[in-house]
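Work through the following exercises with the sequence and the 3D view side by side. Try each task on your own before you read its solution.

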2 protein chains.
Amino acid sequence: MPSERLLQYNARLAASGVRLTPQRFMVLEVLAASPGHTTADKVLGGVQARYPYVNKTTVYRTLELLTALGMVAMIDAGGAQTEYELLDAPHHHLICKRCGLQIELPDATLNPLRQLIEREHNFQPSFDHFALFGVCQACQEQLAAPGGPPP
Amino acid sequence: MPSERLLQYNARLAASGVRLTPQRFMVLEVLAASPGHTTADKVLGGVQARYPYVNKTTVYRTLELLTALGMVAMIDAGGAQTEYELLDAPHHHLICKRCGLQIELPDATLNPLRQLIEREHNFQPSFDHFALFGVCQACQEQLAAPGGPPP
DNA sequence: ACAGCTATTGCAACTAGTTGCAAAAAAGAC
DNA sequence: GTCTTTTTTGCAACTAGTTGCAATAGCTGT
């Protein structure tokens, strides 16, 4: 029973003149079933759990395709593996480089910067979906504490 | 004849309690001699041109160390290889995803956004040195032209 | 149904970058 | 100076991700 959500993705694929093959459908299913971010590895695992004859190349290429269509975000969260996320509304991530906490940042927050760059540099930024590293509040407090713990 | 610039880096390394080994010095020299961005590959080549017994692991680890110390920036400009750059003043890059043009963005441009995020999310962003993709003016015009060229 | 075309997949080989571990080099204690 | 400890290096094996290419699957027109 394909969810409403998956059917919408199907329509968006078709609108781009791209086929929704069984492999691609399964990748979408696994992404939809993964809350938050997932890795290519886990997507491949999830797909192969149901149908083992799918190649990792296909998974990587599907993730790349979906990213190009704006349906998936690739996030380099600083770990060894790239993370992937099925997108609904455009947003970004604040990632604490100390504890790994991730905060969602709505896209609109970037509008002032977007306009500034357009005005001053004649450059049209994409801000597709990006990761911003820093220190979260809890870690700021811990670091500020006297005799604080090592980073 | 080590340049003024290299000596400063030396001092900064020493201040961090890190040794300036011959290998590290050579990596710095090659970086200093490379205008703009370079790849790890080219750094290794440059180092080995003078002293072939240096391992790629050492180069990668040195680049990582220098990045952690804020002396080098790692940039994923969308190509196959990560790019590295010896830093003087903090800055960022606007990269045209159509023609590859790179524009330098002074760090101060991000101050308003930085403050907004600190205020609204209690998160202290780093903005170490990052790459922002988009479309440059020339490409915007070409794309807008009637019967414009394919992307 | 069949021929011809394009889109897509799977495989194997490859590339960039990382990691574990033992050896070497430097620094410190006495 | 020599013993000990810490830092750094080199090697080899590994991982994530990519690429070239031949094979397959799915249209399209007839």
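**Exercise 1. Which residues come nearest to DNA strand D, and which elements give two or more residues to the surface near this strand?**

Solution. Begin with the rule that a residue is near a molecule or strand if its C-beta atom, placed from the backbone, lies within 6 Å of it. Around DNA strand D there are 22 residues, of which A:T82, B:R19, B:T21, B:Q23 and B:T58 come nearest. Next, look for the elements that give two or more residues to this surface: they are helix 3 (40–50) and helix 4 of chain A, together with helix 2 (22–33) and helix 4 of chain B. Here helices (H or I, at least four residues) and strands (E, at least two) are DSSP runs, numbered from the N terminus. Helix 4 of chain B gives the most, with four residues. Finally, sort the surface by class, where Ala, Val, Leu, Ile, Met, Phe, Trp, Tyr, Cys and Pro count as nonpolar, Asp, Glu, Lys and Arg as charged, and the others, Gly among them, as polar; the surface near DNA strand D then has seven nonpolar, ten polar and five charged residues.

Two remarks on reading this model belong here. Residues are numbered from 1 along each chain as its sequence is written, while chains are lettered from A and ligands numbered from 1 in the order in which they are written. The model is predicted, and local features need pLDDT of at least 70, side-chain atom pairs count only at pLDDT 80 or more, and totals for chains, interfaces and linings use all residues.

**Exercise 2. Describe the surface near DNA strand C by its nearest residues, its elements and its classes.**

Solution. Of the 23 residues around DNA strand C, the nearest are A:R19, A:T21, A:Q23, A:T58 and B:T82. Two or more residues each are given by helix 2 (22–33) and helix 4 (56–68) of chain A, and by helix 3 (40–50) and helix 4 (56–68) of chain B. The largest share, four residues, comes from helix 4 of chain A. Sorted by class, this surface has seven nonpolar, ten polar and six charged residues.

**Exercise 3. How is chain A built and divided, and why is it described as more spread out than a compact globule?**

Solution. First count the elements: chain A has six helices and seven strands, and along the sequence they follow the pattern α-α-β-α-α-β-β-β-β-α-β-β-α. The radius of gyration of chain A, taken over C-alpha atoms, is 19 Å, well over the 15 Å that the globule rule (2.2 Å times the number of residues to the power 0.38) gives for 151 residues, so chain A is more spread out than a compact globule. Along its principal axes, the C-alpha trace spans about 55 × 40 × 25 Å.

Then turn to the division into domain 1 (1–88) and domain 2 (90–151), with bounds that come from an automatic or database domain assignment. The centres of these two domains of chain A, taken over C-alpha atoms, are separated by 26 Å. Their contact takes six residues from domain 1 and seven residues from domain 2, where two residues are in contact if their C-beta atoms, placed from the backbone, lie within 7 Å. On the side of domain 1 that touches domain 2 there are four nonpolar, one polar and one charged residues.

**Exercise 4. Which strands of chain B are joined by bridges to strand 4 of chain B, and in which direction do they run?**

Solution. Two strands pair if DSSP finds at least two bridges between them. Strand 4 (residues 91–96) of chain B is joined by five bridges to strand 5 (residues 102–106) of chain B, and these two run antiparallel. They form a hairpin with five residues between them, and B:G100 in the turn has a positive phi of about 85°. Strand 4 of chain B is also joined by four bridges to strand 7 (residues 131–135) of chain B, and these run parallel. B:I95 shows both pairings, since its bridge partner in strand 5 of chain B is B:Q102, and B:I95 stands opposite B:F133 in strand 7 of chain B.

**Exercise 5. How many residues does each chain give to the contact between chain A and chain B?**

Solution. The contact takes 22 residues from chain B and 21 residues from chain A. On the side of chain B, helix 5 gives the most, with five residues.
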